[in-house]
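Dear colleague,

I am passing on the structure we spoke about, placed just below so that you can have it open while you read. My notes on it follow.

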Amino acid sequence: WRFHVNGAEFPVRGVGGAEQPGSLEQLKAAGGNCVRTWSLDALAVAGPDGELFIDRAHRLGIMVVPGFWLQHERHGFNYADTNFIARQRADVLAGVRRYRDHPAVLAWGLGNEMEGPLDREGSVAVFRELEQLTQLVKAEDPLHPVMSVIAFQPAKVKNLLLHCPSLDILGVNSYGGAAGAGSALKAAGWTKPFVVAEFGVNGFWEVPKTPWGASFEPTSHEKALGFYSAHRMVFELNEGKELCLGTFAFLWGWKQEYTPTWFGMFLSSGE
């Protein structure tokens, strides 16, 4: 499986984020060609010159996977609540109508870890609603494939295959295991395309700790090697590479998560 854009093969060298001023330009200069967002709000953020994020991406030749934030059961949302379901569907379809004709759109991203990041098999109720949303989006816009992103667990693939047959692309968030995502997905029965939707630095839960329980943050050099090797291995070398459309490094921006520098490739001031 490979993406083709305007007739040319398009290997995804992507990132998540890139919302800080100047970061799309830096992504272009670094050889990146795609960005995914976690919500539609990011697309309409105006830069210092007033240009919208999605328009700036297009001008720079960067494709976008607009993300729809689907609500999580762990945050108190009930997927048996018909009123909630109707509102979420309406919001998704309104977003598709707003952006479906924009030339920067590569694919739609329905949700991020909404099936339950710590759930080994994922929520069946969420997967069933994901199937309904996928069908609705494809009816509204048959020209762009639909992707959904899970916190990768092999046992979730069985439920995805059973309950989400209309899904075109699976996005998996995987850190220490990113390089082996293709072989793990194939072993679980997945045959459709996939992307590694978040990857990079080993998580603070995956590294050695001090005697008092603090995680050792990798050095910048170790982080760089990790990004490079994980992308190459999952996309070019390892079993399952033929299913891999590319990767989205996390995070092309700034984020306080465990430390101010663990995942973010930039400081809050832009360096």
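To begin with charge, the protein carries 24 positive and 29 negative side chains, and the centres of these two sets lie 3 Å apart. Please keep in mind throughout that this is a predicted model.

As for the overall fold, the secondary structure of the protein consists of seven helices and eleven strands. The radius of gyration is 18 Å, close to the 18 Å that the globule rule gives for 271 residues, so the protein is as compact as a globular protein of that length. Measured out along its principal axes, the C-alpha trace spans about 50 × 45 × 40 Å.

On packing and surface, 51% of the 271 residues count as buried, while the area that the protein exposes comes to about 12400 Å², of which carbon and sulfur atoms supply 56%. If one takes the contacts between residues at least 6 apart in sequence, 70% of them join residues at least 24 apart.

I also looked at one residue in detail, namely His-58, which lies in helix H2, the helix formed by residues 53-59. His-58 has a relative accessible area of 39%, and because partly exposed covers the range between under 20% and over 50%, that is the class in which His-58 falls. Once its neighbours within four places in sequence are left aside, His-58 is in contact with His-102, Pro-103 and Ala-104. Leu-243, by comparison, is 185 residues from His-58 in sequence and 26 Å from it in space, C-alpha to C-alpha.

With best wishes

Terms used: Residues numbered from 1 in each chain as written. Predicted model: local features only at pLDDT ≥ 70, side-chain atom pairs only at ≥ 80, totals over all residues. Heavy atoms only, no water. Helix = DSSP H or I, 4+ residues; strand = E, 2+ residues; numbered from the N terminus. Rg over C-alpha atoms; globule rule 2.2 N^0.38 Å. Buried < 20%, exposed > 50% of the residue type's maximum accessible area, 1.4 Å probe, protein only. Contact = heavy atoms within 4.5 Å. Areas by Shrake-Rupley, 256 points an atom, 1.4 Å probe, with all protein chains shown as cover. Lys, Arg positive; Asp, Glu negative; His and termini not counted. Charge placed at Lys NZ, Arg CZ, Asp CG, Glu CD.
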